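This briefing walks through the fold, the nonpolar cores, a charged patch and some backbone details of one protein model. Please keep the sequence and the structure side by side while reading.

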Amino acid sequence: MQIRTLLAGSALLALLAGCAAGPGGGPGGAAVEPDEERYQGTLPCRNCDGIDLDVLMRGDEQAAAAERTFELNASYRGHPQSPPDETYAGNWEVLAGTASEPDATVYELTSDGEGQIYYFLRLDPQTLELIDPERRRFQNSEMLQLKRQ
């Protein structure tokens, strides 16, 4: 099962229904380097108890494009088909603003290989929120938030 399908389903579910997101602990107590930021949270899932996301972003906004990399790991809780964990890696860019918040910071994460693109709105230094490709927030958007670890 592809995460893009589940993310799209989760986004639609977030728009129609409601779940709670919450912070998670660091995997294995792994330390994060100074030029790395790790965000974690649980997204709603139509067919399971939730999708645990762990996003590690390396580099900073002023770094060369090749130095701005990410890893995204997704684990499905309580899914009837017990799909394996999924891992995506690639590069990230900073986009300026959304239609409703022109000064906002948006991160565009483009994975290698499949070309899947994820968009996260930076709400504050501790919180990212999954948004749609048109850079719009979903209704009940608090369900789609990841917290910095």
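Helices, of at least four residues, and strands, of at least two, are taken here as DSSP runs and are numbered from the N terminus. The model is predicted, and with this numbering the protein has 1 helix and 8 strands, which follow one another along the sequence in the pattern α-β-β-β-β-β-β-β-β. Of the 149 residues in the protein, 42% are buried.

**Nonpolar cores**

- In soluble globular proteins, nonpolar side chains tend to be buried together.
- The largest nonpolar core of this model holds 23 residues, and the members that touch the most other members are I51, L53, V55, M57, L72, L109 and F120.
- At least two residues of this core come from each of β1 (36-43), β2 (50-58), β3 (69-77), β4 (86-96), β5 (105-111), β6 (117-124) and β7 (127-131).
- A second core, separate from the largest one, consists of 6 residues, among them L95, Y119, L121 and I131.

**Negative surface patch**

- Which residues form the negative surface patch? The patch is made up of D35, D60, E61 and E67.
- D60, one of these residues, sits in the loop that runs between β2 and β3.
- Because its relative accessibility is 42%, and the partly exposed class lies between 20% and 50%, D60 counts as partly exposed.

**Strand β8 and Q145**

- Q145 belongs to strand β8, which spans residues 145-148.
- Is Q145 buried or exposed? Q145 counts as buried, because its relative accessibility of 16% falls under the cut-off of 20%.
- Although Q145 and Y39 are 106 residues apart along the chain, their C-alpha atoms are separated by 9.1 Å.

**Positive phi in the loop between β7 and β8**

- Most residues other than glycine have a negative phi.
- R135, which is not a glycine, nevertheless has a positive phi, with a value near 60°, and this residue is found in the loop between β7 and β8.
- N140 is likewise not a glycine and has a positive phi of about 60°, and N140 too is placed in the loop between β7 and β8.
- With regard to accessibility, R135 counts as partly exposed because its relative value is 27%, and N140 is also partly exposed, with a relative accessible area of 27%.

Definitions and conventions: Residues numbered from 1 in each chain as written. Predicted model: local features only at pLDDT ≥ 70, side-chain atom pairs only at ≥ 80, totals over all residues. Heavy atoms only, no water. Core = buried A, V, L, I, M, F, W, Y, C linked by side-chain atoms within 4.5 Å. Buried < 20%, exposed > 50% of the residue type's maximum accessible area, 1.4 Å probe, protein only. Patch = residues over 30% accessible without salt bridge, like charges linked within 9 Å, V, L, I, M, F, W, Y side chains within 5 Å. Areas by Shrake-Rupley, 256 points an atom, 1.4 Å probe, with all protein chains shown as cover. Salt bridge = Lys/Arg side-chain N within 4 Å of Asp/Glu carboxyl O. Lys, Arg positive; Asp, Glu negative; His and termini not counted. Charge placed at Lys NZ, Arg CZ, Asp CG, Glu CD.
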